[in-house]
Amino acid sequence: MDLIGQPLPAWEVESIINEKTPKVESYLGGHLLILFFSIGCPGCVGRALPLARQMQDAHLHLQIVGIHTTFEGPKYSLEQVKGILSLHKITFPVFIDKESQTYQLFGAEGTPHWLWVSPEG
């Protein structure tokens with residue numbers, strides 16, 4: 001699915017810390033970087049998550065959101081995901097994409113998958 005020039009679709013994600021999940025619209029108005037990742041993906045854990053953290057530290061105006069997805073392979077527990085986030089000192093919001101609905105809706109192709117969203121969405 002090509003989202004270029006299209007409004008950002010609503011996502012189907014869950015919070016990892018039992019809080020209400022914000023609507024995607026709440027992130028509009030600034031530049032947003034969405035990272036689809038899986039803790040079963042070596043490139044995600046070894047490169048993408050650390051890079052996203054570095055980008056957050058270097059570009060304070062940039063909003064970053066992580067979406068953990070499992071589009072194939074084993075399912076991971078919430079505690080396993082939290083452990084990886086803690087290991088990499090991830091402080092940007094991270095949500096769980098159960099059943100890979102948002103991954104598919106946003107047209108992601110493998111992990112890591114990055115989406116840059118304009119302030120207009």
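This section describes the overall fold of a predicted model and a group of aromatic rings within it.

The secondary structure of the chain comprises three helices and five strands. Read from the N terminus, these elements follow the order β-β-α-β-α-β-α-β. The radius of gyration is 13 Å, close to the 14 Å that the globule rule gives for 121 residues, so the chain is as compact as a globular protein of that length. Along the principal axes, the C-alpha atoms occupy a box of roughly 35 × 30 × 30 Å.

Burial, contacts and surface were examined next. Of the 121 residues, 45% are classed as buried. When contacts between residues at least 6 apart in sequence are considered, 80% of them join residues at least 24 apart. The area exposed by the chain is about 6,900 Å², of which carbon and sulfur atoms contribute 54%. The chain carries 8 positive and 12 negative charges, and the mean positions of these two sets lie 9 Å apart.

Aromatic side chains were then considered. Four aromatic pairs were found in a search of the whole structure. In one of them, formed by Trp11 and Tyr27, the ring centres are 5.8 Å apart and the planes meet at 65°; because this angle is over 60 degrees, the pair is classed as edge-to-face. Trp11 belongs to the segment before β1 (14–15), whereas Tyr27 lies in the loop between β1 and β2 (32–37), so that the pair links distant parts of the chain, 16 residues apart. Both partners are buried under the 20% limit: the relative accessibility of Trp11 is 8%, and that of Tyr27 is 12%.

Trp11 also pairs with Phe95. The ring centres of Trp11 and Phe95 are 5.8 Å apart with their planes at 45°, an angle between the limits of 30 and 60 degrees, and the pair is therefore tilted. This pair, too, links distant parts of the chain, since Trp11 precedes β1 while Phe95 is located in strand β4 (residues 94–97), at a separation of 84 residues. Phe95 has a relative accessible area of 3% and is therefore buried.

Taken together, Trp11, Tyr27 and Phe95 form one aromatic cluster. Within this cluster, Trp11 takes part in the edge-to-face pair with Tyr27 and in the tilted pair with Phe95. The cluster thus draws on the segment before β1 and the loop between β1 and β2, together with strand β4.

Conventions:
Residues are numbered from 1 along each chain as its sequence is written. This is a predicted model: local features need pLDDT of at least 70, side-chain atom pairs count only at pLDDT 80 or more; totals for chains, interfaces and linings use all residues. Side-chain values use heavy atoms; hydrogens and water are left out. Helices (H or I, at least four residues) and strands (E, at least two) are DSSP runs, numbered from the N terminus. The radius of gyration is taken over C-alpha atoms; the globule rule is 2.2 Å times the number of residues to the power 0.38. Buried means under 20% relative accessible area, exposed over 50%, partly exposed in between (1.4 Å probe, protein chains only). Contact means heavy atoms within 4.5 Å. Accessible areas come from the Shrake-Rupley method with a 1.4 Å probe; for residues, only the protein chains shown count as cover. Lys and Arg count as positive and Asp and Glu as negative; His and the chain ends are not counted. The place of a charge is taken as NZ of Lys, CZ of Arg, CG of Asp or CD of Glu. Rings of Phe, Tyr and Trp (its six-membered ring) pair if their centres lie within 6.5 Å; planes under 30 degrees apart count as stacked, over 60 as edge-to-face and the rest as tilted.
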